[in-house]
Amino acid sequence: MKKDHCIEILKQQKGSVMLLALMVMSALSIVGITSLNISNTEQQITGHVQHQKMAFYNADAGVQYTLACIENDLKNGTADVLPTDEDEPVSYSYGIPSNFSFSISDIRLSGPDLYEITSTGTAPQNAQVTIKATFIENVIKPFSFAAFGDKKMEVKNSGATESYDSDNPDPKISDPNDPNFEKTGKADIGSNENLITKTGALIDGNGVVGKDTTGTQGTYDIKSGSVFTGTAPNLQDRVDPDPLGVTTGGKYDPTTYSSSANNDNNDITYGSITSKGVTTPLGTSITTKSGDTVTLTGKPGGSNFYFTSVELKNSVDLVIDTTSGPVNIFLDDASGSGGTIFDAKNSSIVNKSGKTTDFAIYSNSPDKIVMHHGSEFTGIIYAPYAEIDMKNSSAIYGAIWGSDITIRNSGELFFDEALTDKYELTNTNELSLVSWEMQ
């Protein structure tokens with residue numbers, strides 16, 4: 001009886017079980033459809049993110065490509081590459097490389113020596129990213145070196161480079177001869193090929209080693225007992241051996257100063273030599289007798305003197321009068337004699353009381369420049385293709401730049417930090433980003 005009753009109850013529940021099964025199946029279907037929709041949405045989001053990334057990469061590629069094209073034009077001397085007026089932009093003209101998708105705005109001058117472009121990158125599904133880039137044309141400061149010798153820089157026993165700042169009001173910093181003189185630690189030396197310092201050498205700064213023309217890191221031989229207040233060796237990329245341009249057509253090419261329009265040699269008002277009480281004008285070379293006085297006088301805008309050779313005998317005084325303007329000497333020996341183009345004999349004095357920033361020698365010749373025992377020089381010697389030899393106990397206040405530089409025993413080079421900014425507006429034809437932002 002009980003068994004029949006249970007069977008009857010089960011028969012009555014068949015519909016409920018079927019309904020429950022349908023409800024479970026419906027719920028599972030809803031979950032499945034929802035999961036599918038979520039998956040599709042995630043795929044769409046992922047696709048959108050990928051397209052935005054693609055657009056971003058295209059926009060960034062546009063910036064880098066534009067800067068590379070402008071640099072190439074600058075190095076090739078192409079005219080009107082960059083704007084010179086804020087109201088006159090330069091149109092973009094470099095096209096678009098294959099497999100990239102970007103557009104570049106006009107190149108605008110946005111401030112003193114500041115240039116601006118916008119690059120808009122695109123990708124499928126209307127993805128778009130815009131980048132605004134501000135850049136500058138690099139400037140160089142070659143005289144951040146006390147001495148740089150492209151092929152060799154050598155400081156022998158007891159030779160020294162020290163640094164001071166003639167613009168500093170504190171005499172302990174501005175005057176190397178002050179009894180309380182304090183070195184400033186900026187008298188770096190360097191070479192692209194070979195840096196050598198002997199025992200007892202004192203370098204008030206770094207010893208920089210660059211790379212040769214093949215990209216090979218230069219060598220160095222720093223003897224035990226050499227003292228650097230900075231880092232040595234300080235390995236860097238290649239340093240431009242002639243950043244100021246004394247080669248043919250360069251800004252400081254001496255041959256461009258040989259004409260009468262640029263040359264003050266024959267005007268006794270600006271250049272003269274006094275020997276035994278007799279004063280005469282200069283020619284295209286200077287030859288002296290011991291004890292003579294040579295005077296070069298500056299004028300507004302600068303006096304430029306072109307010489308094929310300068311020889312200062314023992315105890316000659318080369319006076320540089322910069323009261324009315326700076327003085328420059330340009331050396332060029334067209335004969336290619338292979339001798340010494342600037343020779344300061346024992347105890348000769350060059351620009352004794354002058355400023356380092358107002359007097360410079362530029363030479364495009366491979367002929368030597370020699371400062372003999374006890375001689376003194378104040379200013380810049382820039383001869384990137386020449387050997388510069390500082391003999392024992394000679395002294396230079398300023399900076400020197402050559403192909404092969406030797407500072408011999410007890411030779412002293414006092415680097416004036418005031419020279420660091422003297423040539424800071426010299427263009428390198430290279431560009432650097434100042435700011436980069438997405439719009």
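Here are some short exercises with worked solutions on a predicted model.

**Exercise 1: The largest nonpolar core**

Which residues of the largest nonpolar core touch the most other members, and which strand gives the most to this core?

*Solution.*
- Step 1: Begin with the whole group, since the largest nonpolar core holds 64 residues.
- Step 2: Pick out the residues that touch the most other members; they are F143, L312, F342, Y362 and I400.
- Step 3: Turn to the strands. With 8 residues, strand β26 (residues 376-390) gives the most to this core.
- Step 4: Look elsewhere in the model too. A second, separate core has 25 residues, among them L67, V90, Y92 and L431.

**Exercise 2: Around F342**

Leaving aside its neighbours within four places in sequence, what is F342 in contact with?

*Solution.*
- Step 1: Set those sequence neighbours aside and find the contacts of F342 that come before it in the chain: V310, L312 and L331.
- Step 2: Add the contacts further along the chain, namely V350, I361, K368, I369, V370 and M371.
- Step 3: Compare with Exercise 1. L312 is a contact of F342, and both L312 and F342 are listed among the core residues that touch the most other members.

**Exercise 3: Aromatic rings**

What kind of aromatic pair do F359 and F377 form, and are these residues buried or exposed?

*Solution.*
- Step 1: Take the distance first: the ring centres of F359 and F377 are 5.6 Å apart. Pairing asks for centres within 6.5 Å, so the two rings count as a pair.
- Step 2: Next comes the angle. The planes of F359 and F377 are 40° apart, which makes the pair tilted.
- Step 3: Place the rings in the chain. F359 belongs to strand β24 (residues 359-363) and F377 to strand β26, so their pair ties together parts 18 residues apart in sequence.
- Step 4: Check the surroundings: F359 and F377 are both buried.
- Step 5: Widen the view. The structure holds 19 aromatic pairs, and one aromatic cluster is formed by F143, F145, F148, Y252, Y257, F330, Y362, Y382 and W401.

**Exercise 4: A threonine in a strand**

Is T120 buried or exposed, and which side chain does its own side chain meet in a polar contact?

*Solution.*
- Step 1: Locate T120 in strand β3 (residues 114-123).
- Step 2: Read its relative accessible area, 16%. Buried means under 20%, so T120 is buried.
- Step 3: Follow the side chain of T120 to that of T130, where a polar contact spans 3.0 Å.
- Step 4: Collect other residues in contact with T120, including A59, S101, F102 and Q128.

**Exercise 5: A network of charges**

Which residues are joined into one network by salt bridges that share partners?

*Solution.*
- Step 1: Start from E154, whose salt bridge with K152 has its closest N and O atoms 3.0 Å apart. E154 is buried, at 7% relative accessibility.
- Step 2: Move on to K152 and D404, whose side chains form a salt bridge of 3.7 Å, N to O. This pair links distant parts of the chain, with K152 in strand β5 (residues 145-155) and D404 in strand β27 (residues 395-407), 252 residues apart.
- Step 3: Return to E154 and find its salt bridge with K156, at 3.0 Å from N to O. K156 is partly exposed at 22% relative accessibility, and D404 is partly exposed at 23%.
- Step 4: Put the bridges together: K152, E154, K156 and D404 make up one network.

Terms used: Residues numbered from 1 in each chain as written. Predicted model: local features only at pLDDT ≥ 70, side-chain atom pairs only at ≥ 80, totals over all residues. Heavy atoms only, no water. Core = buried A, V, L, I, M, F, W, Y, C linked by side-chain atoms within 4.5 Å. Buried < 20%, exposed > 50% of the residue type's maximum accessible area, 1.4 Å probe, protein only. Helix = DSSP H or I, 4+ residues; strand = E, 2+ residues; numbered from the N terminus. Contact = heavy atoms within 4.5 Å. Phe/Tyr/Trp six-rings, centres within 6.5 Å; stacked < 30°, edge-to-face > 60°. Polar contact = N/O pair within 3.5 Å; in protein donor to acceptor, adjacent residues only side chain to side chain. Salt bridge = Lys/Arg side-chain N within 4 Å of Asp/Glu carboxyl O.
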